[in-house]
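Grab a pencil and work through these short exercises on charged side chains. Try each one yourself before you read its solution.

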Amino acid sequence: MKTTPLRRTGALVAGLAIVSLTLTGCLYAMIPEDGGEAVPTASADPDTDGVPAELLPFYEQTLDWSVCGTFDCTTVVVPLDWDDPGAGEIELSVIRHRATGGDPIGSLLTNPGGPGSSGVSLIRDSLDYAVGSDVVDAYDVIGFDPRGVGESTAVTCFDAAEMDAYLYDIPEDPRGSEGWTAELEERNRAFAEACEAGSGGILASITTDDAARDMDVIRAVLGDTELNYLGYSYGTFLGATYAKLYPEKVGRLVLDGAIDPSIPGLEVGTVQALGFESALRAYMADCLDGQDCPFRGSVDDAMADLGALLAAVDADPLQAGDGRELGADSLMTGIIAALYSQDSWPFLTQALADTLAGDPTLAFTLADFYNGREGGEYTDNSSEAFRAYNCMDYPDDSTAEQEAAAEELIAAEAPTIAPYWSGPDPCDAWPAAPTGVREEITAEGAAPILVVGTTNDPATPYEWSVALAEQLSSGVLITRVGEGHTGYNKGDACVDDAVEAYLLGGVAPEGDLYCD
């Protein structure tokens, strides 16, 4: 078995629709911008300084903006293959909310993470969640769907029924058996074949390096000479990759909830398992202090009881009203979904209480939220794009001994999560060989780059933010002490003030900043 190479990052904290629930808590309140209709205007002249001749057709393109509600929308064309710009094109969907305060500083590109989350949806549905109001006043805020994602030229695999079976069906054979492994490997093979058949030959080009080069085209055709950028979670890897490729074009970059670009996929999965276990223990301590908690005793007692619940539904799944069965994997997916934000802990408490009572409805709601499923349909292609990027970005270079050591560490340090973390690597069946490399990113010559890390972030553990800030030659670390995924615009004035002083005035902290 191999530890899960990467759990989705960022998708649950940004870019999703409002969730309305008749419970004591809600997941995340992301309120769409309201107002009158936009009147599209042209961008400034494109920045083509130093662009090679073979790329000029992309950098010189004129954008055709259209009204989309209170926003402007357009499409940007980029090379399918950056090593062979004449070999084909793909389209990127771009949305713009123009600065409300008058003359803008410039454009601010944003990315919600994933990989695979829609940046168009982030800005269209959740502008005030993505950036603070002062930033909305000062910048043309830009969302875009990276290549392979959403409304851009997209990775396409299964239909809704096939995706349900892939994500939720329970294997016939016992967990860990040869039959269990063989069934999951066959599912991964079928999924990969469907992606290859449905994606029009783009899978080999769905990489973070390519997506970062695409951002440079977006920057240029918007008329900006430097890239101003706010990236969350996986978006930090995208932003750091841009800084590696174009350090002289770096403007004001903020990377929130960082991924360490130097560590291999096996280590990523291992550290995430420990991070979610730590967040789960923090949740459980909070739960035990409340009157509605379905668990009793110490945190260790409660974690043991939760482990027993997971084992129980693994052995005897609970059937929901729509016919799906809740096993341990789907329940764990729901638990992980709720650990992204402390605001969703009350919802997790209710979901676990209901599951203990034999009702899996709310647990499925959480799992569906994680998987982008609503009303039996999938609202985006985030699961497909997530797989495509990770299978291309992370080379499979771990040994059997390293995998065994990782499983042993997870079993010791994350015992609640461990039984449901490992399995056949889906990327073993992927039709395109990985091209990414895992290496430190220094971005020598770049302007200051702010890296924001939260001390008990389960999805992108704090140590990754520390590592990235140390690697970057101009990195400045801002530490948010607290729970949940990412730190900016979460109500911490110390973090928000530092980030916005940089975005609005170009003033970076003189040294690393600790916000407790």
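Below are three exercises, each with a worked solution.

This is a predicted model, where local features need pLDDT of at least 70, side-chain atom pairs count only at pLDDT 80 or more, and totals for chains, interfaces and linings use all residues. Residues are numbered from 1 along each chain as its sequence is written, and side-chain values use heavy atoms, leaving out hydrogens and water.

**Exercise 1.** Find out what the side chain of Asp224 pairs up with.

Step 1: locate Asp224, which sits in the loop between α6 (208-221) and β7 (227-232); helices (H or I, at least four residues) and strands (E, at least two) are DSSP runs, numbered from the N terminus.
Step 2: check for a salt bridge (a side-chain nitrogen of Lys or Arg within 4 Å of a carboxyl oxygen of Asp or Glu). Asp224 is buried but has none, and Arg219, the nearest side chain of opposite charge, is 7.2 Å away. Buried means under 20% relative accessible area, exposed over 50%, partly exposed in between (1.4 Å probe, protein chains only). For charge, Lys and Arg count as positive and Asp and Glu as negative, with His and the chain ends not counted.
Step 3: look at Ser107, whose side chain makes a 2.9 Å polar contact with that of Asp224. A polar contact is a pair of N or O atoms within 3.5 Å; within protein, one must be able to donate a hydrogen and the other to accept it, and residues adjacent in sequence count only if both atoms are side-chain atoms.

**Exercise 2.** Work out where the salt-bridge partners Asp72 and Arg96 lie.

Step 1: their N-to-O distance is 2.8 Å.
Step 2: Asp72 is in strand β3 (residues 71-79) and Arg96 in strand β4 (residues 89-97), 24 residues apart.
Step 3: both Asp72 and Arg96 are buried.

**Exercise 3.** Place the salt bridge between Glu186 and Arg189.

Step 1: N and O are 2.2 Å apart here.
Step 2: both residues belong to helix α5, 3 residues apart, or about one turn.
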